[in-house]
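Visitor: Could you take me through one part of this model up close? I'd like the details joined up rather than listed.

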Amino acid sequence: MRPIREMSEREYFACVGQRPGMFVGTASSFHQLTAFLTGYDQHAIRHGGQGLTGWHEWLVARRGRSCNHAWPGQVLHIALPEGWNNITDLPSKDERHAIKVLFQLLDEFAAGREASPDPQNSD
């Protein structure tokens, strides 16, 4: 019997992004997905993983400027540079785009971690 290979964070994020309904329900929203990822982050850190450590800072650097928003707002600034009214009630077109951009950004972030020679950034 072959041992089961553990899924990398990057693979896990891709899995969630491809089938968000499996993780947060069929009415997946940007807000629900960010809440899910916050829970993922807290669980990982509590159990010795790195979770999304550095994610907010990476987003600020990626965007090129800071503001008082937490990381979901940083993602929205990148995805919807014209702005938004309510994170929990985005128009469906904006919702779909924000979710797509969220997982593209997570993939870039995770790829950077995988490529980093820093032992703290390895899975």
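Let's start with Trp58: what does its relative accessibility make Trp58 count as?

Guide: Bear in mind that this is a predicted model. Trp58 comes out as partly exposed, because its relative accessibility is 23% and the cut-off for buried is under 20%. Trp55, on the other hand, is buried, with just 1% relative accessible area. The two sit three residues apart in helix 4, so about one helical turn separates them. There are nine aromatic pairs in the structure. Trp55 and Trp58 make up one of them, a stacked pair with 5.8 Å from centre to centre and 15 degrees between the planes. Elsewhere, ring pairs tie Tyr12, Phe13, Phe23, Phe36 and Tyr40 together as a cluster.

Helix 4 (55-63) also helps cover the buried residues of helix 5, and so do helix 3 (30-46) and helix 6 (92-115), among others. Helix 5, residues 71-79, is mostly covered, with eight of its nine residues buried. Among those buried are Trp71, Pro72, Val75, Leu76 and His77.

Helix 6 has another partner too: helix 1 (residues 9-18) packs with helix 6 at about 170 degrees, the axes lying 9 Å apart. That angle is over 145 degrees, which means the two helices are roughly antiparallel. Phe13 turns up here again, as one of the helix 1 residues in the contact, while helix 6 brings residues including Phe103, Leu106 and Asp107. Sorted by class, this contact has six nonpolar, five charged and one polar residue.

Methods:
Residues are numbered from 1 along each chain as its sequence is written. This is a predicted model: local features need pLDDT of at least 70, side-chain atom pairs count only at pLDDT 80 or more; totals for chains, interfaces and linings use all residues. Side-chain values use heavy atoms; hydrogens and water are left out. Buried means under 20% relative accessible area, exposed over 50%, partly exposed in between (1.4 Å probe, protein chains only). Helices (H or I, at least four residues) and strands (E, at least two) are DSSP runs, numbered from the N terminus. Contact means heavy atoms within 4.5 Å. Rings of Phe, Tyr and Trp (its six-membered ring) pair if their centres lie within 6.5 Å; planes under 30 degrees apart count as stacked, over 60 as edge-to-face and the rest as tilted. Axes are lines fitted to C-alpha atoms, for helices over the stretch in contact, and angles run from 0 to 180 degrees between N-to-C directions. Angles under 35 degrees count as roughly parallel, over 145 as roughly antiparallel, 65 to 115 as roughly perpendicular and the rest as oblique. Ala, Val, Leu, Ile, Met, Phe, Trp, Tyr, Cys and Pro count as nonpolar, Asp, Glu, Lys and Arg as charged, and the others, Gly among them, as polar.
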